[in-house]
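Q: I've got a model open and I'd like to learn how to read it feature by feature. Can we go through it together?

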Amino acid sequence: MVKKAVIAGGTGFIGMYLKEKYERLGYRVHIISRQSGHIQWDDACAMKDALDGAKLVINLAGKSVNCRYTEANKREIFNSRTETTETLGRMIEACSTAPELWVNASTATIYRHAEDRPMTERNGEIGRGFSVAVAKAWEDSFFSFHLPDTRQVALRIAIVLGDGGVMEPYRKLVKYGLGGKQGSGRQMFSWIHIEDLYRTVRFMQHRDELSGVFNASAPNPVTNQEWMKMLRQSMNRRGGLPASKWMLETGAAALRTETELILKSRWAVPERLVREGFRFRYPGLRSALADLNN
């Protein structure tokens, strides 16, 4: 019998990367999405058929936070995460053969702005504000389901470095000479190479005793200033103009986004992954960037 995997919200660059990886392993991968050509969120029968007997379910669904936080956008950001998670949970409960593992995305943004110490799963301090409230509600929706035959893992994912996503705007800044530090430059930049994110999911599949919350971040975060310097070096650019907070606020308004994406200090470290023996292929930023720029 062909192994099945289901990726909800799987049309972004992370979902497409995971789809290709799992297809190479011989999985039949089903995508649940609002985009045409995939299983639709309002098609309960198709969803249940895909989920029934699946080896793995990965939920990445949610409106991009790269937008202005208007009341309408905030509602959509919030609901697009909690409602899709609740829909998946109900569909899994209805399966005759429940999926073996459900990996739900969460975010390292759940922790407070931290420039003083790293945030671990055990000792990390949950922050405040809209983005944190979304992350908490997302995890609450996920863990509200008690599924005896489906193991549940929430990944608090840091900035994912790959061919797409956040790399594109940062590369453009460097390309046009604006690749200096942003704000103070002291804010921490937690990240993970997309290959290590995939390998984290595989690690969870192979370790039946693991469940709960894991920080999906490389073990060596850097400051914003270090991040921009290494990105410039990887692109063979000597210098880049810095951007002060007021410049970023003006630019964010023009680009219809928020400065939180750049100015919040995310200092998440993968304490549980390391303790359980996970070995990162790209533990350091220099090697990650070298791979991505090949």
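Q: Let's start with one residue. Which helix is Phe-13 found in?
A: One thing up front: this is a predicted model. Secondary structure is read as runs along the chain, and Phe-13 belongs to helix α1, which covers residues 13-24.

Q: Is Phe-13 buried, exposed or partly exposed?
A: You go by relative accessible area: under 20% is buried, over 50% is exposed, and partly exposed is in between. Phe-13 has 25% relative accessibility, so it counts as partly exposed.

Q: Which residues does Phe-13 touch, not counting residues up to four places away in sequence?
A: Here you skip the sequence neighbours and see what else is in contact. For Phe-13 that leaves Val-160, Gly-162, Asp-163, Gly-164, Gly-165 and Ile-194. For a C-alpha distance, take Thr-85: 72 residues along the chain from Phe-13, with 20 Å between the two C-alpha atoms.

Q: Where does Asp-196 lie, and which residues does it touch, not counting residues up to four places away in sequence?
A: Asp-196 is in helix α6, residues 194-206. With those neighbours left out, its contacts are Phe-278, Phe-280, Arg-281 and Tyr-282.

Q: Is Asp-196 buried or exposed?
A: The cut-off for buried is under 20%. Asp-196 has a relative accessible area of 0%, so it is buried.

Q: How about a loop residue: where is the place of Ser-217?
A: You locate a loop by the elements on either side. Ser-217 sits in the loop between β9 (212-216) and β10 (222-223). Its relative accessible area is 0%, so Ser-217 is buried.

Q: Which residues is Ser-217 in contact with, leaving aside its neighbours within four places in sequence?
A: The list for Ser-217 is Ala-158, Trp-191, Ile-192, Ala-268, Val-269, Pro-270 and Phe-280. You've met Phe-280 already, since Asp-196 touches it too. As for spacing, Ser-217 and His-193 are 24 residues apart in sequence and 8.4 Å apart in space, C-alpha to C-alpha.

Q: What is phi of Asn-236 near?
A: Backbone torsions deserve a look as well. Phi of Asn-236 is near 60°, a positive value in a residue other than glycine. Asn-236 is in the loop between α7 (224-234) and α8 (245-255), and it counts as exposed because its relative accessibility is 71%.

Q: How many disulfides does the count come to?
A: For a disulfide, two cysteine sulfur atoms have to be within 2.5 Å. The count here comes to zero disulfides. Take Cys-95: the nearest cysteine sulfur, that of Cys-45, is 12 Å away. Cys-95 has a relative accessible area of 11%, so it is buried. Cys-67 counts as buried too, because its relative accessibility is 8%.

Q: Zooming out, how many helices and strands does the chain have?
A: Eleven helices and ten strands. The C-alpha trace spans about 60 × 40 × 40 Å along its principal axes.

Q: What radius of gyration would a compact globule with 294 residues have?
A: You compare the chain with a rule for its length. A compact globule with 294 residues would be near 19 Å, and the chain has 19 Å, so the two agree. Buried residues make up 52% of the chain.

Q: Among contacts between residues at least 6 apart in sequence, what share join residues at least 24 apart?
A: That share is 79% in this chain.

Q: And how many positive and negative side chains are there?
A: There are 43 positive and 32 negative, and the centres of the two sets lie 7 Å apart. On the surface, the chain exposes about 13,900 Å², with carbon and sulfur atoms supplying 50% of it.

Terms used: Residues are numbered from 1 along each chain as its sequence is written. This is a predicted model: local features need pLDDT of at least 70, side-chain atom pairs count only at pLDDT 80 or more; totals for chains, interfaces and linings use all residues. Side-chain values use heavy atoms; hydrogens and water are left out. Buried means under 20% relative accessible area, exposed over 50%, partly exposed in between (1.4 Å probe, protein chains only). Helices (H or I, at least four residues) and strands (E, at least two) are DSSP runs, numbered from the N terminus. The radius of gyration is taken over C-alpha atoms; the globule rule is 2.2 Å times the number of residues to the power 0.38. Contact means heavy atoms within 4.5 Å. Accessible areas come from the Shrake-Rupley method with a 1.4 Å probe; for residues, only the protein chains shown count as cover. Lys and Arg count as positive and Asp and Glu as negative; His and the chain ends are not counted. The place of a charge is taken as NZ of Lys, CZ of Arg, CG of Asp or CD of Glu.
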